Amino acid sequence: MSKEATAAKPKKTTKKAASKKYLVIVESPAKASTIGKFLGSNYKIEASMGHIRDLPKSQMGIDIEHDFEPKYITIRGKGDLLSKLKKEAKAADKVYLATDPDREGEAISWHLLHALNLGDDKDISRITFNEITKAAVKRSISEAREIDMDLVDAQQARRVLDRMVGYTVSDLLWKKVKKGLSGGRVQSVALRLICDREDEIRGFIPDEYWTIGAKLTDAEKKTFEARFYGKGSEKMELPNAQVVQEVENGLKGQDFIVKEVKKGTRQKKPVAPFTTSTMQQEASKHLNMATQKTMLIAQQLYEGVHVKGEGNVGLVSYIRTDSFRISDEAYEAAVSYIGENFGEEYVNPERVIYKSKGKTQDAHEAIRPTNVQRTPESIKESLTKDQYKLYKLIWERFVASQMSPALYDTMQVKLAAGEYSFRASGSRLTFRGFLEVYNKGEEEADVQMPVLNEGDVLKALEILPEQHFTQPPARFTDASLIKTLEEIGVGRPSTYAPTLTTIQARNYVTKEAKNLYPTELGEVVNDIMKTYFPDIVDVDFTANMEERLDDVEMGREEWKQIIRDFYPGFHAAVENAVEKLAKVEIKDEVTDVICEKCGRNMVIKYGRYGKFLACPGFPECQNAKPFFEEAGVNCPECGGKVLIKKTKKGRTYFGCENNPECGFMSWNKPTGEKCPVCGSFLEEKGKKNPKIVCSNEKCGYMREPEPEKEENTEE
């Protein structure tokens, strides 16, 4: 064979053509780890660690003269990360931006697209998934799309509005009140709600009213209690003791005649699966979990937790949602699980569709487990204590949402005693239904009634008049404030947690036993906002702004038009405040703690981590130390004051003010008494049903706390 023929013959290739390389960019390493196991080796997963670009911290960053154009910069400290992402993106044949499926996530992807600056030739797509499961991630890649600019613009509008209000109002408050303050849109409304509620409580005048109970017995000596209703068939109020005495006189010697008996059944319907706000409310009420902590743990459950035998697993669907909707697949899985584990009678005969109140975005499903077969107990060993508690709450709520109603037998009785009428009712749980899974205060105690018939004559064993006074409205808790904000349309699922955190961090609000109280500083700031920025703290104005942001997301409004409409009035209000608002002096609270360096009485200051004691002689004297509230008892070892302290992890304990000289420490509050058996100090143990116990565990002495004595109010 000639050399020419040999040269013309094509060479055999021993290597396969190189497969394509794909880059997927998410926000967090945890999410990257979870997604990584669903995709092949030709996919590389990287994390942007949140936003890559944002408005600068050193200035407002909005060009007001040029139609409010935002000035975005690469976030300080993210230069190396951006260089790495650029390098990986250039080497990839296709880039997928897989940030969270909401406005904020869409904006992060848009900023990444600009920051990577790869040119029009690079194939870059946006993918979203409501849950981090293999099926959802694979499906999202097959349904890749372009960036949704309506979502991005809705986020830009909110960001620019919040920056404009936050920087301008905060600067004013720094100058006129004190440094470190802020006045955001949603936080100002939240603060106003809390302050207005406090004003209601202060101005509340209680009204007296009475109730009358009657302890009755039938012929078989079975007893029950009826409540006073009125005169004849007309309802009658009992405003004072004089009216009550007249009724009591009219009841003397009277038999109670059964006039009507109604028997029936009643359903208690199951509860809806969680939205962001209802999850925050229930976690606060039942887990005593702060809103910010709830969202942090929920994010961990969504992005992925290492489960033994499975690796990193996304346990719940997306956690920022205002919808009760669930997918057909999730519904079928729930029904199957309920039928197999509880019986077909526990499956709701019809699919339950929960409707949201008011306007919702309905962009995502309700919060639910990604796999209902993954029960809380089956993965308990793989979760932290708080992760387990929250996952259990989410799992139980979801399963219960598709279960049968609870059923009660009911009985309503009308009685006559002379010219007066009484009512009694009883109920008995006959089928637990959804209560078998989710029973967080929904179950009602059985109220037993004897068998009664019309015409039965009953005897009164005792007439029980009781005086009452109307109560002021309750102070807000985290849960009730979130519920109110949602009901009035202020804020969105992503804003509730940071809002509550901010108003407490700024010392506008303090929390005691879950109740939110405005501080003096909070009331001063609220008065300023109401006087000079009435629109910002106006509930209707702020709710309308949220609706307009939703319109931007739906493509019905151009985002800058919101800013154009808002800025002129806001700018005029700022100028008016700068001119008319006088310097406000907030005096520090003086304590009886003496500065050991200069002898002055130390004052309470507020820092990043809450209260601390500082010398008022600053800067000449720079003495400062932690502030601890007093427990109201003396140290059982040295006689000093017992202080309420916290560990680094936030657990409360009781320690002596003379520490380290005195080493007294207890997890339970000392009572100041000595044990009558062994002489050790007594302490109060337990929250719901506290007991007085001996600190010496070998002793075993225990008793009930003594009831509080009423003060002598005689003048």
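Here are a few friendly notes on one buried residue and two sheets in this predicted model.

1. A word on conventions. Residues are numbered from 1 along each chain as its sequence is written, and side-chain values use heavy atoms, with hydrogens and water left out. Since the model is predicted, local features need pLDDT of at least 70 and side-chain atom pairs count only at pLDDT 80 or more, while totals for chains, interfaces and linings use all residues.

2. Take a look at Glu-27, in the loop between strand 1 (22-26) and helix 2 (29-36). Helices (H or I, at least four residues) and strands (E, at least two) are DSSP runs, numbered from the N terminus. Glu-27 counts as buried because its relative accessibility is 10% (buried means under 20% relative accessible area, with a 1.4 Å probe and protein chains only).

3. The side chain of Glu-27 also reaches the backbone nitrogen of Asp-100, at 2.7 Å. Leaving aside residues up to four places away in sequence, Glu-27 touches (heavy atoms within 4.5 Å) Ala-47, Ser-48, Met-49, Gly-50, Ala-98, Thr-99, Asp-100 and Ile-108.

4. Further along, an open sheet of four strands runs in the order 24-25-26-27 with antiparallel pairing (strands pair if DSSP finds at least two bridges between them). Strand 24 (629-634) and strand 27 (665-666) each have a single partner strand, so one side of each lacks a neighbour in the sheet. Two bridges join strand 26 (residues 652-656) to strand 27, and Gly-655 has Met-665 as its bridge partner.

5. Another open, antiparallel sheet of four strands has the order 28-29-30-31. Its edges are strand 28 (669-674) and strand 31 (702-703). Four bridges join strand 29 (residues 681-685) to strand 30 (residues 691-694), where Leu-682 is partnered by Cys-694.

Methods. Buried means under 20% relative accessible area, exposed over 50%, partly exposed in between (1.4 Å probe, protein chains only). A polar contact is a pair of N or O atoms within 3.5 Å; within protein, one must be able to donate a hydrogen and the other to accept it, and residues adjacent in sequence count only if both atoms are side-chain atoms.
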